[in-house]
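Student: Please take a close look at one strand and the residue in it that you would start from. Then follow the connections outward to the rest of the chain, and define each term as you go.

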Amino acid sequence: MENYNFSRNVQENYNLTKKHLFKKKAGNAKFYYELKNDESLDNDLKEITKLYQNDIPFRIYGMHTNLYITANGYDGWFIDIGPKMSYLRFDEDTEEFICSGNLLTSQLVNYAMEKGYDFASLAGVPGMVGAGVVGNASFATGKEFGDYVKRVTLFDFESGKDVDIIPDKDFFWTRNSFIKKANKDKVRYFVKEVVLWSEQIGKKAVRAKFDAQMDLRIKDLRIGYLEGCAGSIWSNIDLRNKIGMSFRKVVIGTNEFNVDFNGARYSKYGSRFFTLDENTTEKDVAKLMQYTVDKMKELYHVELEKEVVFLDYDGEVDLYTYIDRYLDK
Ligand SMILES: Cc1cc2nc3c(=O)[nH]c(=O)nc-3n(C[C@H](O)[C@H](O)[C@H](O)COP(=O)(O)OP(=O)(O)OC[C@H]3O[C@@H](n4cnc5c(N)ncnc54)[C@H](O)[C@@H]3O)c2cc1C
């Protein structure tokens, strides 16, 4: 650590419970650092480049709304993107919205709505624009984040430089992107800036679309935050493609998912999000995951895809690795 020259204090053995939307305990990160979108950013990205070059594990997160952190924490650098000092500019000539990766998606949607530009399909998507681009976020079958993106500026930890990319048709796919894929095992790119474009249909028309989407979502969003959840564990888009309905509909349609493994369960309310209690263990969660996977195979003959990122001691792990690790512990 002494070889690094970050702009502010790096914290050691940092407890990640607060970085977790779930009401539960999470383990510690070996190191914790908060990136700020100010004059310190360039220096700090250079320092992270050194971590990259020295093969020291690190992950970068936004608002943690798509994150499940295990009780074992993370044996690396947990780098948080602070939400302050974000920017959003509108270019009158090109009708482009230029924003920092740490801008909240809700701020983009609301600002554009005032000007009559239509980003209403992103209404109610929590988190930052950078993360929305990485995960190609969307709601139900509406336009996806990638549909609005004209250019992204990424910081490339391999070269230590910014790179501007104009996404082509292979850049985004369902809840995924070139960036997410490239960052899977080792974080190579940081989303610095995003340029977006959408049609101008007038404030009233955008408001109507926005309200219609929020009417569908607001109750579930409130319940989700109240109960503590990280959105939908299971990819609803994937399920809709396979069986024509979301996981919520599946849960509502049968009693088979009315199970509780020491607090690991699906909510009885709202979107039937996955939730847990403070004393729920990883083993309990793994039991619920295994039960769900088996039941979905039995009832619908489908392999479930997870949507939420699971962060374990050695990095982001897939569902089956998680189950293998914790089911028999
Ligand atoms: C109640 C609720 C409702 C939700 N509804 C939706 C929905 O309708 N549609 C949808 O798509 N998702 C939804 N989500 C999931 C989540 O909100 C989105 O995935 C969101 O885009 C994540 O933003 P975040 O800032 O919280 O990212 P985080 O959870 O902090 O990170 C998500 C991923 O993005 C990466 N990342 C974040 N910022 C950057 C960056 N600048 N550069 C590189 N990588 C980065 C992280 O490494 C991580 O892999 C919902 C979640 C909740 C809790």
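Tutor: Gly 315 is found in strand β17. Helices (H or I, at least four residues) and strands (E, at least two) are DSSP runs, numbered from the N terminus. Residue numbers start from 1 along each chain as its sequence is written. The model is predicted: local features need pLDDT of at least 70, side-chain atom pairs count only at pLDDT 80 or more, and totals for chains, interfaces and linings use all residues.

Is Gly 315 buried, exposed or in between? Gly 315 counts as partly exposed because 17 C-beta neighbours lie inside 10 Å. On this scale a residue is buried with 20 or more other C-beta atoms within 10 Å of its own, exposed with 12 or fewer, and partly exposed in between, the C-beta atoms being placed from the backbone. Apart from its neighbours within four places in sequence, Gly 315 is in contact with Pro 57 and Arg 59. Contact here is a matter of C-beta atoms, placed from the backbone, lying within 7 Å. A further link across the sequence is Asp 75, which is 240 residues from Gly 315 along the chain, with 7.8 Å between the two C-alpha atoms.

Next come the pairings of this strand. β17 covers residues 315-317 and pairs with β16 in the antiparallel sense over 3 bridges. Two strands are said to pair if DSSP finds at least two bridges between them. Gly 315 is itself the bridge partner of Asp 312. The connection from β16 to β17 is a hairpin through 2 residues. β16 (residues 309-312) also pairs with strand β4 (residues 67-69), this time in the parallel sense, again over 3 bridges. In that pairing, Leu 67 faces Val 309 of β16. Strands of a sheet pair through backbone hydrogen bonds, either parallel or antiparallel.

Other strands can be read in the same manner. Strand β2 (residues 28-35) is largely enclosed by the rest of the structure, because 6 of its 8 residues are buried. β2 pairs with strand β1 (residues 11-15) in the antiparallel sense over 4 bridges, where Tyr 14 has Ala 29 as its bridge partner. β2 also pairs with strand β5 (residues 74-81), in the parallel sense over 6 bridges; there Glu 34 is bridged to Asp 80. A separate open sheet holds 3 strands in the order β13-β14-β15, with antiparallel pairing. Its edge strands, each paired on one side only, are β13 (260-261) and β15 (274-275). Asp 260 stands opposite Arg 265 in β14.

The helices give two further views. Glu 47 belongs to helix α1 (residues 41-53). Glu 47 counts as partly exposed because 16 other C-beta atoms are within 10 Å. Not counting residues up to four places away in sequence, Glu 47 touches Tyr 4, Asn 5 and Phe 6. In helix α2 (residues 105-114), the buried residues are Thr 105, Leu 108, Val 109 and Ala 112. These residues sit on the same side of α2 because they cover an arc of only 95 degrees around the axis. That arc is taken from the directions from the helix axis to the C-beta atoms. Their cover includes β6 (88-91), β7 (96-100) and α3. After α2 comes Gly 116, which has a positive phi near 85 degrees.

α3 leads on to the ligand. α3 gives the most to the shell around the ligand, namely 4 residues. There are 33 residues around the ligand, of which Gly 62, Gly 127, Gly 130, Ala 137 and Gly 231 come nearest. A residue is near a molecule if its C-beta atom, placed from the backbone, lies within 6 Å of it. The shell divides into 19 nonpolar, 13 polar and 1 charged. Ala, Val, Leu, Ile, Met, Phe, Trp, Tyr, Cys and Pro count as nonpolar, Asp, Glu, Lys and Arg as charged, and the others, Gly among them, as polar.

For the overall layout, the chain is divided into domain 1 (11-81), domain 2 (88-201) and domain 3 (217-326). These bounds come from an automatic or database domain assignment. The centres of domain 2 and domain 3, taken over C-alpha atoms, are 27 Å apart.

Notes: Contact = placed C-beta atoms within 7 Å.
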